[in-house]
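Reader: Before we look at anything together, could you show me how to read a few backbone and strand features with care?

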Amino acid sequence: MPTVRSPSRRSVLQLGAASAALGLPFIGRARAAEPLGFATWSAAVDQVKAHLASFEKKTGVATAYTNAPYAQYRETMITKFTGGAPVDMLWVSDAWLPEFAQAGWIAPIDRFKQLTAYNAETSDFCNQSMMFEGKQYGLTYYTDYMGFLYNAEILEKAGFTKPPTTWAEVTEQAAAIKAKGLLEYPVVIGMAQESWMIEFISALVFSHGGRMVDDAGKPVMQDAKAEAALQWLVDAVQKDKILSPGCVQTGELEVLKTASAGRAAFVLLPKYRLRVLNDPQQSQVAGKFKQALMPMGANGTHATVGWMRFYGVTPRALATPDRADNIAKLMEWFGGKAEGEYRFQKTLLKDLALGFGIKSLYGDADVRRDLNAYGDADLMAQQQDLARKKDTIAPWFGEWNDTNGTAWQQAVLGKATPAQALKASAAKWTELKKAG
Amino acid sequence: MAPHSGEARLRGVTYDERAAAGLLAALAVVLMAVTAFPILYSLWISFYGLNLRRPNRVPFVGLDNYAHVLANPQFWDSVGRTAYFSAITVVAVLVLATLIAVLLDQDFPGRRILSACLLIPWAIPSVANGLMWKWIYDSNYGALNGLLMQVGFISSATIWLGDSAKTLPLIANAFIWKEVPLAAILLLVTLKAIPADLYSAARVDGATAFKRFCHVTLPAMRPGFLLVALYEAMMAVRHFDLFFLLTEGGPGGASDVVAWRIYVETFRNLSFGTGAAMSYILAIATLLMSYGLIRSLAQKL
Amino acid sequence: MSRDVIMVRPLLWPRLLRGAVLAVASVVLLAYVLAPVFWLVSSSVQTEREIVSIPPHWIPDEPTLQNFKAIFLTGLGYAQPTPTGVDPTSGGFIPSVAGNLLPAMGNSFIVSIAVVVLNLLVGVPAAYAIAKIRFRGRNMALYVILATRVIPDIALVVPFFLVVRKLGMLDSLGSLIITYLAVTVPFSVFVLASFFEQMPDDLDRAARVDGCSRLQVLLRVFLPLARPALVAVGLFAFLASWNEFLLALMFTQTAASQTLPIIVAGITSDFTVSFSFLNAAGVLAVVPPVLLAVIFERYIVSGLTAGAVKG
């Protein structure tokens, strides 16, 4: 094995151990001439290809780009890692960071000062989301947060001039909209088992002043504040009937489609969806959707949940100094500045409305023009400052998330009380934490 | 033993065995090169506490993974769901396929077109099948709600896959739709193989058409029923695609069947050891089930 | 059976009744089988605004072939994906994956046809040996072959990946061909062996007396008679290969080797694709296997007649 600098040695050894356990010869070194393998899920494919091409032209470093459907991306990467496929850089979701890091599939990048320097300009929750056991594992690819969006026209018809600022007001206004016969279910929130579920849940809990897990890693998802969040949701379905029980099969995409068909007054959606909702080409309610700060629970704040996807690197990429050098350049080209500007971030925003972690971009004239075309850039920035990272991210996230999702669904369907559901979820967390 | 016949037998056997070996060689190479390792590997893994999140600790645990799985009530819940899903699937497929086979056994204009159309569901790729049914069951824009509302069966949009009481039957329906055609063809084949004199004998006895069906047709179709029941049960017990594409085990765990559990254990929890153990438990159960089915159906019918 | 019924009961009423029952049953069956597919096709030719109508439009008011046009034009290089800056969820948007659908279809064809050919080359001799040659461990051989299919595929994905990587076949069509061959051939052997077993041993004996080798017997005597079974087995292998998803997902990494189901699944999980485009991609994946199944329908019945079901 070639000389490995200390930060990545442990990861390399871990990967080696994993491979040994699997009975495999581990290929820790990549030949210098081998192109840098870059794996992503199938999103922004053209933008990535174009940006890669300009990187190759500028640096003369060869790359090999592969992608897989997002829904199966994690499984595909796991298979590739255990099978020793040639991957150097990849997109990673914040939710997978601990397990990927523990398994030794991705390596810290702290040693690249030119990369960590970007932290100063990046939203806090975003930086925190890339940290695991005190080490930083990458740079942001895209960042967004759960936004509270409303159909101003429907509110107006129901006689409201201002959007709700608390969840109690949401119930009140929704009930009025329902009573007027404007919509059967004015509130649309997705509670289907899918990757978005934890973000919907976290946004509700955070805005009620709750946490899922405290800083010590102890579950507090069953305490009064978090319970108030679930209770609000359950009441919305069971008591006030302002949210359809079908929400347990409503995914994020369907929330979007329902809103754009004019069948929702209040929705939780990733902020970037505002552009679709206000685009006359594809929305029947273009120009009517607005963003408001996340409503507060009785003891809550306007906090919401933020998430991010980042560029991670594999130990393989750091195996030789030359390769490590090149991978750092590639990561900066995408996650930092390219030729002195945040070119890729701005492209993603312009083409796909994807959010960014770099706070200073909210002051950029191009960016403001793009955002103000379908929303309010200042409000977006204000809400982004109130976003906090998902506190449930842990190596056992995947396993716990299943149980937690089931628990919330059962409460929503009236098959368990909120207290019972949250207790079950917290118990699973404690059990998994103990098992390590 | 007479020396002559013994010699002939010996000579015959060796040539035949050599011929058989030659004819089987290609197959053996393929299976050895491609399938043998994965099967043995997953068996081997099932004896280790391999969780990819803990790559440094991979102890040999013997049968602990199996014991752990079998002691987990969640696993038994999913076994119950798999049994329920398989039972409704097999029964529905048998009933529908029998009716269709009887229909296609008649001579009438358009029969050929009908039997050609019948194969369409069978040929549809499972990814497209999942996509199609998800879209049909969609609680906002789906065809099912649209249709039922137009004919006045329901007054407002109903939640389909999102209703935990309906989820399994609905997934089963999508599965049955795809499985019925092949089953119908297998049964049709059996039906056509029934000797005509069986019917004439019954007719001489003065049996009505219905009685003839019950006393001649059904018993004579026994091998077909057995084959279809066996095949469908094996398919249903192991079925994964629709659970993955339609519900991901939800809502509230309502479609969390064994095949889905294996997936969650392996790829979500990264617990390859218990995942492999679960797979072997399912495999052994499948074998026992097939054996049981053969035994009981072969006797009863 | 049916003709007998008519002869025995030449009365008018029962005949009319029978006709009515048959007609109703046929219509019900046809509706059951075709309605879901009809809805898929109808959805694929609707605009994005129309597709979210309530109640749904069974027959589109303004049918459009824009999705298919996009798929074929970009696939053949005559059109470019919609330029950046236009929001992709809208109807009429051509996602860049549109251009991948036709090449993926090509990959699916290559893989499926190769698997069919190899299945017959490998499966026919093996099935003949198992059906017609009395050798020690004959039953055992069949059980072992079938037993390779009992372990759920999910458990085999990772080790399969290791095998494919060891063979240096990652991201190649070859990786799919050999693994699909391995997973389909046991079933082929089973069906073919059952078919051969139904053929009289006398055929075998007579030819052997004439001095034919086992291979010659197989090629000259059995194969010509086994055509329906060969077609049926080929069709099964083709469909299985065309439809396979899990292994293709893991082994293929770029458009160079991705098959149709992978691209279609990619579209379903893309956050930005329109519903109607999704359905159009689904239609594309459905058409070739359905056509084949309909064309070769009569072989399936006769191919299985002597085989799978023993009276």
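Author: Let us start with burial: a residue is buried if 20 or more other C-beta atoms lie within 10 Å of its own, exposed if 12 or fewer, and partly exposed in between, with C-beta atoms placed from the backbone. A:Ala353 counts as buried because 24 other C-beta atoms lie within 10 Å. This is a predicted model, in which local features need pLDDT of at least 70, side-chain atom pairs count only at pLDDT 80 or more, and totals for chains, interfaces and linings use all residues. Residues are numbered from 1 along each chain as its sequence is written, while chains are lettered from A and ligands numbered from 1 in the order in which they are written.

Reader: What is the phi of A:Ala353, and how should I read its sign?

Author: Most residues other than glycine have a negative phi. A:Ala353, although not a glycine, has a positive phi of about 65 degrees, and A:Ala44 likewise has a positive phi, of about 50 degrees. A:Ala44 lies in the loop between β1 (36-41) and α2 (45-59) of chain A, where helices (H or I, at least four residues) and strands (E, at least two) are DSSP runs numbered from the N terminus.

Reader: Which strand does β1(A) pair with over six bridges, and in which sense?

Author: Two strands pair if DSSP finds at least two bridges between them. β1(A) pairs in the parallel sense with strand β2 (residues 63-68) of chain A, and A:Gly37 has A:Ala64 as its bridge partner in β2(A).
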